[in-house]
Amino acid sequence: MNIRSKLYFERAKKAIPGGVNSPVRACLAVKSDPIFFERGEGAYLIDADGNRYIDYVASWGPIILGHAHPNIIAEIYFASKRGTSFGAPTWLEVEMAETINRCIPSMEKVRLVNSGTEATMSALRLARAFTGRKKILKFDGCYHGHGDSLLVKAGSGLATFGIPSSPGVPEELTAHTISVPYNDEIAVEEAFKKYGSEIACVILEPVPANMGVVIPRGDFLNFLREITQRYGSLLIFDEVITGFRVSLGGAQELFNIKPDITCLGKIIGGGLPVGAYGGREEIMSLVAPEGPVYQAGTLSGNPIAVSAGLATIKELMKPGSYDRLEALSQLLEDGIKNVLAELGLPYRVTRFKSMLTLFFTSKEVSNFQDALTSDTDKFALFWQGMLKRGVYLPPSQFEAWFVSLAHNEDHIEKTIEATRETLLELKG
Ligand SMILES: *Cc1c(COP(=O)(O)O)cnc(C)c1O
């Protein structure tokens, strides 16, 4: 029963556009009303009616230690007792920048901001300033926050020029954005042949998680490193999700690639609002006040948020953290695949480390077009069935499920059992 959630939502719709402060929370894609939550405890979320769910949304990624982790809460408490914001430097910011640099050496200098969106917007400005070029190349289905230049619809064909995917974004702005299919070297090659000398940067999620989880093919990331160097463009890795999730060094460590600029967010705030961008010293030195590229923030490097982030990274640095995440995630993947085989369903599971998507399609998903072959009506019913069985999944087919260190074998088994029951019910 979700009586309170429904009541709250009715009120929310009158006070807030769509009743939510970020669109996907409205659960429109799963044809449901949103659940209002009151508490999180480890692997669980507890809603306004007292129902408990095993959570795989993890606030869209940050909650990699589980909800209300005692060490994080303690750090937040002690930090807040010292004052909530000074608008002046603190030692914590230096510690955070140095910690990030130690884990992700390509981020030679780091600027802290308040969200992933701010990080990617600032990174683009910087790339354009550094190269003196206007155009950016992105990939269909990769999400980089809601900055104007990055809100470009997936076009058809090769190197389709940006049509804004939101009213209010001038075409003159997105005309500088080229969007091509992920994992498509030919499309990238074509775009560079045509506009190479005008392309400031290529920005991508090294392992996309915002079209559902997609794995970069063989040499795709190496190819991007090579072609950007050949044309004098910058390579920007948006590791807002993958940073500190797939390993301490992000996807760039696992694929052994050095991007020019990296964007972070989510996990480095430990559940509070933080973002970061950083890269080669020569590039970052253009950022004000060292250089002319303006970028600022009243609350940037906020001591409470940075404390929560540092405490989170400290936990992740404990030996075995990522092995544990991998083992749990492998268990989940295997369990779901077994259920699919048992029920004779052709659906696809894609997993990279502790990020997983069950695509309701029989096609292998290696780009957004493939992801779009998924039966989203079926997914909506699946989501509802899982919710009924106490599992809270991201309310969209095109998202990742996140495994956290608060999950255990029992949670995973319950999730697999709920998957079996739900898929069986859907088969009818
Ligand atoms: C979430 C996300 C962003 C935007 O971060 P916000 O903090 O929501 O602004 C940018 N890039 C990627 C890859 C993301 O997943």
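Biologist: Why is the pair Asp 410 and Lys 414 called a salt bridge?
Modeller: The closest N and O atoms of Asp 410 and Lys 414 are 2.8 Å apart. A salt bridge requires a side-chain nitrogen of Lys or Arg within 4 Å of a carboxyl oxygen of Asp or Glu, so the pair qualifies.

Biologist: What kind of model is this, and which pLDDT cut-offs apply?
Modeller: This is a predicted model, in which local features need pLDDT of at least 70 and side-chain atom pairs count only at pLDDT 80 or more, while totals for chains, interfaces and linings use all residues. Residues are numbered from 1 along each chain as its sequence is written, and side-chain values use heavy atoms, with hydrogens and water left out.

Biologist: What places Asp 410 and Lys 414 about one helical turn apart?
Modeller: They are four residues apart in helix α14, and therefore separated by about one helical turn. Helices are DSSP runs of H or I with at least four residues, strands are runs of E with at least two, and both are numbered from the N terminus.

Biologist: Why does Lys 414 count as partly exposed?
Modeller: Buried means under 20% relative accessible area, exposed means over 50%, and partly exposed is in between (1.4 Å probe, protein chains only). Lys 414 has 44% and Asp 410 has 38%, so both are partly exposed.

Biologist: Helix α14 also holds His 411. Is His 411 buried or exposed, and how do you know?
Modeller: The relative accessible area of His 411 is 7%, which is under 20%, so His 411 is buried. Its C-alpha atom is separated by 7.0 Å from that of Ile 54, although the two residues are 357 apart along the chain.

Biologist: What makes Lys 337 and Glu 333 a salt bridge, and at what distance?
Modeller: Their N to O distance is 2.6 Å, which is within the limit of 4 Å, so the pair counts. Both residues lie in helix α11 (residues 321–343), four residues apart. Lys 337 is partly exposed at 37%, whereas Glu 333 is buried at 11%.

Biologist: How many salt bridges does the rule give?
Modeller: The count comes to 25. Among them is Lys 13 with Glu 10, at 3.4 Å. A network of salt bridges links Arg 225, Asp 260, Arg 280 and Glu 282.

Biologist: Why is Leu 7 called exposed?
Modeller: Its relative accessible area is 55%, and exposed means over 50%, so the label follows. Leu 7 lies in helix α1 (residues 3–15).

Biologist: How do you know that Asp 238 makes a polar contact with the ligand?
Modeller: A polar contact is a pair of N or O atoms within 3.5 Å; within protein, one must be able to donate a hydrogen and the other to accept it, and residues adjacent in sequence count only if both atoms are side-chain atoms. A polar side-chain atom of Asp 238 lies 2.6 Å from a ligand nitrogen, so the pair qualifies. A side-chain N or O atom of Lys 266 is also 2.6 Å from the ligand, here from an oxygen atom. For a backbone N or O atom of Gly 116, the distance to a ligand oxygen is 2.9 Å.
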